[in-house]
Amino acid sequence: MSSIETALRQRYGAADQPGAIIWNGTLELLLSHRSVRAYRDEPLPTGTLETMIAAAQSPASSSNLQAWSVVAVEEQARKERLAELAGGQGFIRRAPLFLLWIADLSRLARIAAQRGLDHEGLDYTELLVVGIIDATLAAQNAVIAAESLGLGTVYVGAIRNHPLEVAAELHLPTRAVAVFGLCVGWPDPDKPTAVKPRLPQAAVLHRETYSSANEAAAVAQYNTAMRNFYAEQQMRVEGDWTDHSTKRVAGPQNLSGRDKLRDALQQLGFGMR
Ligand SMILES: Cc1cc2nc3c(=O)[nH]c(=O)nc-3n(C[C@H](O)[C@H](O)[C@H](O)COP(=O)(O)O)c2cc1C
C-alpha cells in the first residue's frame with residue numbers, strides 16, 4: 001500500500017475513506033498524529049522548547065492580540081504536583097517536559113493599565129474565548145512541530161479538574177487560566193501507539209448548510225471501526241464510541257469537577273459578562 005492509502009486506512013479505519021485526497025509531506029505528518037503517553041528516559045534535544053514556541057507563535061491570532069502564554073515545567077517536584085492535580089496521570093511525571101497553555105488576558109490588562117487606559121472589554125466572555133482559541137492554535141502548532149522532530153505529545157485537559165490550584169502552582173496572575181497541559185517526550189518504542197480512527201467525513205463535513213441526514217450511518221460505521229481498532233490494538237475497552245461519548249456527557253458527575261469551571265474562571269478574574 002502507498003503511504004496515502006495506509007494513512008487514510010489508519011485515520012478512518014477500513015470503512016469508507018475519502019476519495020480525492022491531495023498528498024504531501026506535511027499532510028502525511030498531520031494524518032499520522034497519535035497521542036503518546038509512554039516516553040523514553042532521555043532528555044529532549046537542546047532547542048526543542050524554543051523551536052516549539054516559535055511554531056506556537058506562528059499561527060494566526062485574533063486581532064493579533066496574542067492572548068496566550070505557556071508555562072514550561074521541567075522540575076520533577078512540580079510535575080508530580082501537577083500530575084496529582086490532573087487525576088494522577090502518571091505519564092505527566094515521566095514526560096521530560098510539561099507545557100501548560102494559558103488563556104492569558106493579564107498582559108492586555110497590564111499594557112492598558114500602563115497607559116492608564118480602560119480594559120473593560122476583558123471582562124466579557126468573548127475575550128476569554130479569544131484567549132482560549134489563541135492558546136489552542138498555538139499549542140497545536142507546537143504539537144505539529146514536536147511531531148515533525150519525532151517527538152510524541154499528549155494533551156492534558158485534566159488540569160481543568162483543579163484550575164485554582166493549578167493557577168496557584170504556576171503563580172498565574174489574575175485573568176489567566178491554564179486551559180490544558182501538554183506532555184512532550186521521546187516515544188517509547190517498546191510501547192508504540194497507533195493512529196486512532198476518526199469519524200467518517202460524512203459526520204463532520206456539511207456542504208453549504210448543516211445536515212445530520214447521514215449521521216446515524218456514519219456513526220454506526222465509526223462504532224465498528226473503533227471496535228476493530230480496540231481488538232487490533234488488544235485494548236480491553238468495553239463498549240463503542242457512542243457508549244463512551246454519551247457517558248462522558250451524561251451529567252455533571254462525569255465532568256471530573258469541571259462542572260464548577262465557571263465559578264473558578266470568575267475567581268481567576270474572568271468577568272464572564
Ligand atoms: C484538549 C484535550 C485534552 C485532553 N486531555 C487528556 C487527558 O487529560 N488525558 C489523556 O490521557 N488524554 C487526553 N487527551 C487526548 C485524547 O484522549 C486523544 O487526543 C483522543 O483520544 C484521540 O486520540 P489521538 O490523539 O491518539 O488521536 C486530550 C486531548 C485534547 C485535545
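How far does a polar side-chain atom of His-33 lie from an oxygen atom of the ligand? Select both and check: the distance is 2.7 Å. Keep in mind that this is a predicted model.

**Stop 1: the ligand contacts**

Stay on the ligand and pick Ser-35. One of its polar side-chain atoms lies 2.6 Å from a ligand oxygen atom. Now switch to Tyr-155 and show its backbone. A polar backbone atom of Tyr-155 is 3.3 Å from a nitrogen atom of the ligand. Turn on the surface next. On its own, the ligand exposes 620 Å², and the protein buries 68% of that area.

**Stop 2: the shell**

Select the residues around the ligand. There are 13 of them. The closest are His-33, Ser-35, Arg-37, Gly-157 and Lys-196. Colour the shell by residue class: five are nonpolar, four polar and four charged. Then colour by secondary structure and find strand S3, residues 152-156. Strand S3 gives the largest share of the shell, with three residues. Zoom out to see the pocket. The ligand sits in the largest one.

**Stop 3: the aromatic pairs**

Leave the ligand and show the aromatic rings. The structure holds four aromatic pairs. Select Trp-68 and Trp-101, one of these pairs. Their ring centres are 5.7 Å apart. Why does the pair of Trp-68 and Trp-101 count as tilted? The planes of the two rings stand at 35 degrees, so the pair falls between stacked, under 30 degrees, and edge-to-face, over 60.

Finish with the strands that carry these rings. Trp-68 belongs to strand S1, residues 68-73, and Trp-101 to strand S2, residues 97-104. The pair therefore ties together parts that are 33 residues apart in sequence.

Methods:
Residues numbered from 1 in each chain as written. Predicted model: local features only at pLDDT ≥ 70, side-chain atom pairs only at ≥ 80, totals over all residues. Heavy atoms only, no water. Near = heavy atom within 4 Å. Polar contact = N/O pair within 3.5 Å; in protein donor to acceptor, adjacent residues only side chain to side chain. Areas by Shrake-Rupley, 256 points an atom, 1.4 Å probe, with all protein chains shown as cover. 1 Å grid on protein atoms, 1.4 Å probe; cavity = no way out; pocket = protein on both sides within 12 Å on 5 of 7 lines; lining within 4 Å. Sits in = over half its atoms within 2 Å of the grid points. Helix = DSSP H or I, 4+ residues; strand = E, 2+ residues; numbered from the N terminus. Nonpolar A, V, L, I, M, F, W, Y, C, P; charged D, E, K, R; others polar. Phe/Tyr/Trp six-rings, centres within 6.5 Å; stacked < 30°, edge-to-face > 60°.
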